[in-house]
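Please examine the structure shown below. The questions that follow concern its strands, its sheets and one of its helices.

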Amino acid sequence: MARFEFKLPAMGESVAEATITHWLKKVGDRVEAEETIVEVATDKVDSEVPCEVTGVVAEILFDVDAVVQVGQVMAIIETEGDSAVVAEELPPTVAQVAENLTADIATIKETTLAVGDFSNADRFYSPLVKSIAQKEGIGLEEMSRVKGTGLNNRVTKDDILNYVAQRSNKAAAGTTLSAPPTSNTNTPTVERTYSQRGEERIEMSRMGKLIAEHMSHSKHTSAHVQSFSEVDVTRIWQWRNKVKKAFEAREGEKFTFTPIFMEAVAKALVDFPLMNISVEGNTIIKKKNINIGMATALPDGNLIVPVIKNADELSLRGMTKVVNDLANRARLGQLKPDEVKDGTYTVTNIGSFGNVFGTPIINQPQVGILAIGAIRKVPAVIETAEGDVIGIRYKMMLSHSYDHRVVNGALGGMFVQRVAEYLEQWDVNRTL
């Protein structure tokens, strides 16, 4: 029998490592070709990794929560054919370590079951999570109340540690202190009690650490400068109200403002191709495809940027379908690695949080990012044939951050103004 090296495949642009979240097979299990054998998480997406061959799992070289580099061997699969990649024989010391790890995991499971039986649990708990629960005296009933942020709401190491910290803080909050008594005087003494709330220390998630590093790198690399444009979107507001119910009844999904904004940005990128570039050292790379990144907030507070590929080629209906699909799967953690790479320009809708405008940070190696503010009803001067009048209009702010190393103020300002013009000149007779 041949021994096949099961390695961590490439997970997308700029992704060098991944964290193992769940092994779907154990040593001795049979696995079919293209069958998922392990689930991993990167700073961008959670992914299922299939096995390339049919065989039996002979060795698992990394435990859950281990960080594995792209190209690193994660497991050994014994196959019946001779075409598989032959793995080098492991030194006895490594085999002994693997054997000891297996024994340790078994011990953890036995100890955990002694405190609380997790065999009837409705969701999966890793041996590490079980061992922490056992140490802290957390049973199955209490574990069911721990919110999971992993794949399929799985409880991660960070989740259980955060829960333990919060539980300790709540216990400490019940302690009250009283002011010391004073000597008798004619002035009545008021005794004040207060609780000692302490503080909470929360370890940043792996994705949070990588986002922080990425943002700091961008501010250090690019010379950020901003231009702002106020946009009258009254025509769009009224037109959308007219068509959205019929669209939802026909297509079975909502029609939001986001596809409209994305279409306007795609048109402006066609008009200003020097905004659709990237920078490598002293070289400017003009991108032929217009791939717009759509910044999406996740339930855990982190951010991910799925990419609308060839956005300039999509109809408004097609844009709506793509936007809804990417946003929904992003929040469910179901994006594929290819769907978060190759972006050439980014848009973030800060208006969904009620923000009027902002100064977003450029997503490297791109040179521009547009923040779309909240739509508000405001009094405005309206020019008519009979003269100027004051009326109520729907308006919003566009905030354009761009890299002043390669984009001057004229180009950055004209680009955001062109987006505004496409929105203000909206055809109210357009069909969807």
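Q: In this predicted model, which residue of E21 does Phe-228 stand opposite?
A: E11 (224-232) and E21 (387-403) are the strands concerned, and they pair in the antiparallel sense over 9 bridges. Within this pairing, the residue of E21 opposite Phe-228 is Ser-399.

Q: How many bridges join strand E20 to E21, and which residue is the bridge partner of Ala-380?
A: A hairpin connects E20 to E21 through 2 residues. The two strands, E20 covering residues 376-384, run antiparallel and are joined by 9 bridges. In E21, the partner of Ala-380 is Gly-391.

Q: Which residue of E21 stands opposite Gly-368?
A: Strand E19 spans residues 368-372 and runs antiparallel to E21, with 5 bridges between them. Gly-368 belongs to that stretch. Its opposite residue in E21 is Tyr-402.

Q: Which elements are included in what covers the buried residues of H6?
A: The buried residues of H6 are Thr-234, Ile-236, Trp-239, Arg-240, Val-243, Phe-247 and Glu-251. An α-helix has 3.6 residues a turn, so residues three or four places apart point the same way. The cover over the buried residues includes strands E11 and E21 together with helices H7 (258-271), H8 (316-331) and H9 (409-424).

Q: What is the distance between the end C-alpha atoms of helix H6?
A: H6 comprises 18 residues, 234-251, and at 1.5 Å a residue these should span 26 Å. The distance in the model agrees with this expectation, and its value is 25 Å.

Q: At which residue does H6 bend?
A: The bend of H6 is about 40°. Just after the helix, Gly-252 takes a positive phi of about 75°, but the bend itself is placed at another residue of H6, one that counts among its buried residues. That residue is Val-243.

Q: How many of the 7 residues of strand E8 are buried?
A: Buried here means under 20% relative accessible area. Strand E8, residues 73-79, is mostly covered. The number of its buried residues is 6.

Q: Which strands stand at the edges of the sheet E1-E8-E6-E3?
A: This is an open sheet of 4 strands with antiparallel pairing. An edge strand has a single partner strand, so one side of it is left without a neighbour in the sheet. The strands in that position are E1 and E3 (30-31).

Q: Which residues of E8 are paired with Phe-4 and Phe-6?
A: Strand E1, residues 2-7, pairs with E8 in the antiparallel sense over 6 bridges. Phe-4 stands opposite Ile-77 in E8. For Phe-6, the bridge partner in E8 is Ala-75.

Q: Which residue of E8 stands opposite Glu-59?
A: Strand E6 covers residues 55-60, runs antiparallel to E8 and is joined to it by 4 bridges. Glu-59 lies within this range. The residue opposite Glu-59 in E8 is Ile-76.

Q: Why is one side of E5 and of E7 left without a neighbour in the sheet?
A: The order of the open sheet of 4 strands is E5-E4-E2-E7, with antiparallel pairing. Strands E5 (46-50) and E7 (67-69) stand at its edges, and one side of each is left without a neighbour because each has a single partner strand. Neighbouring strands of this sheet are turned against each other, direction ignored, by an average of 45°.

Q: Which residue of E4 stands opposite Ile-20?
A: Strand E2 (residues 17-23) and strand E4 (residues 36-41) run antiparallel and are joined by 4 bridges. Ile-20 falls within E2. Its opposite residue in E4 is Val-40.

Q: Is Ser-47 buried or exposed?
A: Ser-47 has its place in strand E5. Leaving aside residues up to four places away in sequence, Ser-47 touches Met-11, Val-38, Glu-39, Val-40 and Pro-337. Its relative accessibility is 8%, so Ser-47 counts as buried.

Q: What percentage of the 432 residues of the protein chain count as buried?
A: The chain contains 9 helices and 21 strands. Its accessible surface comes to about 24,000 Å², with 51% belonging to carbon and sulfur atoms. Of the 432 residues, the share that counts as buried is 40%.

Terms used. Residues are numbered from 1 along each chain as its sequence is written. This is a predicted model: local features need pLDDT of at least 70, side-chain atom pairs count only at pLDDT 80 or more; totals for chains, interfaces and linings use all residues. Side-chain values use heavy atoms; hydrogens and water are left out. Buried means under 20% relative accessible area, exposed over 50%, partly exposed in between (1.4 Å probe, protein chains only). Accessible areas come from the Shrake-Rupley method with a 1.4 Å probe; for residues, only the protein chains shown count as cover. The expected span of a helix is 1.5 Å times one less than its number of residues. The bend at a residue is the angle between axes fitted to the seven residues ending there and the seven starting there. Contact means heavy atoms within 4.5 Å. Two strands pair if DSSP finds at least two bridges between them. Axes are lines fitted to C-alpha atoms, for helices over the stretch in contact, and angles run from 0 to 180 degrees between N-to-C directions.
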